[in-house]
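Biologist: I would like to go through this model term by term. Please give the reason for each label.

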Amino acid sequence: MFDTLTDSFKTAINKIRFHDDEKALSRVLGELKKSLLKADVHHKVVKTLISSLEKKTKSTQIGKDSFLSALNEELTNILTAPGNQGFVFASKPPTVVLMTGLQGSGKTTTTGKLAYFLKEQKKKKVMIVAADLQRLAAVEQLRQITHKLEVTLVADEQSTPQKIVADALLKAQKELYDVVLIDTAGRLAIDEALMQELATIKQIANPDEIFYVADAMTGQDAVRTATTFKEQIGISGVVLSKFDGDSKGGVALGLAHQVGVPLRFIGAGEKMPDLEPFIPERIVSRLMGSGDIASLAEKTASIDPKQAKKITQKIKKGQFNFNDFLEQMEQLKKLGSMKSLIGMIPGMSGMAKQIGDIDLDNSSEINAIKALIASMTKKERENPELLNNSRKRRIATGAGLNQMQVNRILKQFNSAAKMAKQLSSKGGMKQIQQLMQGGGGFPMSRR
Ligand SMILES: Nc1nc2c(ncn2[C@@H]2O[C@H](COP(=O)(O)OP(=O)(O)OP(=O)(O)O)[C@@H](O)[C@H]2O)c(=O)[nH]1
Ligand SMILES: [Mg+2]
């Protein structure tokens, strides 16, 4: 997710020697400055960062240690603004969040993603309120999202945004909801009517948080519009959406510093799990190439622990079959993008780029595997060893694959199951690391 920025910082870190002189430091800082500007970090932010880095590194013996600690401290400073980090619950539930933003910025999608995050990772009872009655399709869009997530929706096309919000809050109080997310209407540009409607809703809802959803692909415009919203209605956080479409990512580095409001979440994809809390210390660790174990652990909270244990047992005993594989796929989807996941593992940020993004719904490799499994009988799925040549021929025809493809997939499946068994044994993690360093690919890498 932060490939470009992480590369810039890692290059700088690698160039500073254990003991170094001023000339070398200023050369490294000069290069860092250039690459940050190229990554679309605002020039004022770059200037602030570079000059404080220089001052701090020079304040003690110039060298790798002083540079690393200066970088850690100054990056944290730049990424931090006064206010809450990630999602913070009100002391008295429900926590009410007003979602605002310009038309098409990603408010409704982000509202759904937040609901998913709160329900799956934080195990909260969530309600979404459709206060966008500008567009008729808006309510329908929310209906589909909440239906899929199994989250309560309060909507009424015949009512007014103000009345819906008031009704929803009463319901939330009575039925003990933990969080109420209010999705509002966007407008093409900032205008009087939008601000007026938001001000009224704000008055009725008395929200704990007002999030401004900004489209990362609009670059510095995201910073400008967020600043206007801050001045005119008062926002307590920014969510950057469509970060997957912003290959450089520099806006995220400067936003909190520029707007003076914390960046709270980053949305990087159209699917519900594609949302990550933005916690400065964790991001700094990622930017410096040290991964982000805390976020990784939180992500896996959405995986059913009983299920995970059952699968681990099966893998250990060498009983992993095709049904387990399909179940694993479903669980994996809850983790969101593979690429961002890999970027969180310490020392593996570089791998993220090589692996690319495996889309579990659309990868041709995975679709082929699914088709193959779909053509198997129940017995065959439970017991991969049954698959002799005549069965393989039947399965190939059923799946629309040729025999060679079937053989290749089965071979991959077998070696993956074998590898999983090995890794689940003692010293398994060491083997993973050796595998990575040796450049050995995953058996199911994308081609
Ligand atoms: N790739 C990508 N697309 C996104 C992301 N977030 C939202 N989108 C897409 O952006 C489009 C607009 O998203 P919406 O959530 O409907 O935006 P909105 O702000 O509610 O729009 P209005 O209600 O019309 O103001 C949709 O096609 C979403 O799928 C993201 O993080 N990544
Ligand atoms: Mg919307």
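Modeller: What follows takes the helix packing, the sheet, the ligand shell and two backbone details in turn; the model is predicted.

Biologist: Why is helix 4 called oblique to helix 11?

Modeller: The axes of helix 4 (residues 64-79) and helix 11 (residues 280-287) cross at roughly 130°. Angles over 145 degrees count as roughly antiparallel and 65 to 115 as roughly perpendicular. The crossing fits neither class, so helix 4 is oblique to helix 11. The axes come within 9 Å, and the crossing is right-handed.

Biologist: Which residues of helix 4 and helix 11 meet?

Modeller: From helix 4 they are N72, L75, T76 and L79; from helix 11 they are P280, E281, I283, V284 and L287. By class, this contact has six nonpolar, two polar and one charged residues.

Biologist: What makes strand 3 and strand 8 edge strands?

Modeller: The open sheet has eight strands in the order 3-2-4-1-5-6-7-8, with mixed pairing. Strand 3 (152-154) and strand 8 (275-277) each pair on one side only, and that makes them the edges. Neighbouring strands are turned by 25° against each other on average, direction ignored.

Biologist: How do you know that strand 2 and strand 3 pair?

Modeller: Pairing requires at least two bridges. Three bridges join strand 2 (residues 126-131) to strand 3, and the two run parallel. I128 stands opposite L153 in strand 3.

Biologist: Which helices lie across strands of this model, and at what angles?

Modeller: Helix 6 (residues 136-149) lies across strand 2, strand 3 and strand 4 (179-184), at about 165° to strand 2. Helix 10 (residues 250-259) lies across strand 6 (237-241) and strand 7 (263-267), at about 160° to strand 6.

Biologist: Which residues come nearest to ligand 1, and what is the shell around ligand 1 made of?

Modeller: Of the 21 residues around ligand 1, the nearest are G106, T108, T109, G186 and G267. The shell divides into two nonpolar, 12 polar and seven charged residues; Gly counts among the polar ones. Helix 5 (residues 107-120) gives the most to this shell, with three residues.

Biologist: What makes the bond between P93 and P94 cis?

Modeller: Omega of the peptide bond that joins P93 and P94 is about 0°, and the bond is cis. P94 lies in the loop between helix 4 and strand 1 (95-100).

Biologist: What is notable about phi at K123, and where is K123 placed?

Modeller: K123 has a positive phi, about 55°, although K123 is not a glycine. K123 is in the loop between helix 5 and strand 2.

Methods: Residues are numbered from 1 along each chain as its sequence is written. Chains are lettered from A and ligands numbered from 1 in the order in which they are written. This is a predicted model: local features need pLDDT of at least 70, side-chain atom pairs count only at pLDDT 80 or more; totals for chains, interfaces and linings use all residues. A residue is near a molecule or strand if its C-beta atom, placed from the backbone, lies within 6 Å of it. Helices (H or I, at least four residues) and strands (E, at least two) are DSSP runs, numbered from the N terminus. Axes are lines fitted to C-alpha atoms, for helices over the stretch in contact, and angles run from 0 to 180 degrees between N-to-C directions. Angles under 35 degrees count as roughly parallel, over 145 as roughly antiparallel, 65 to 115 as roughly perpendicular and the rest as oblique. A crossing is left-handed if the near helix is turned anticlockwise from the far one by less than a right angle, and right-handed if clockwise. Two residues are in contact if their C-beta atoms, placed from the backbone, lie within 7 Å.
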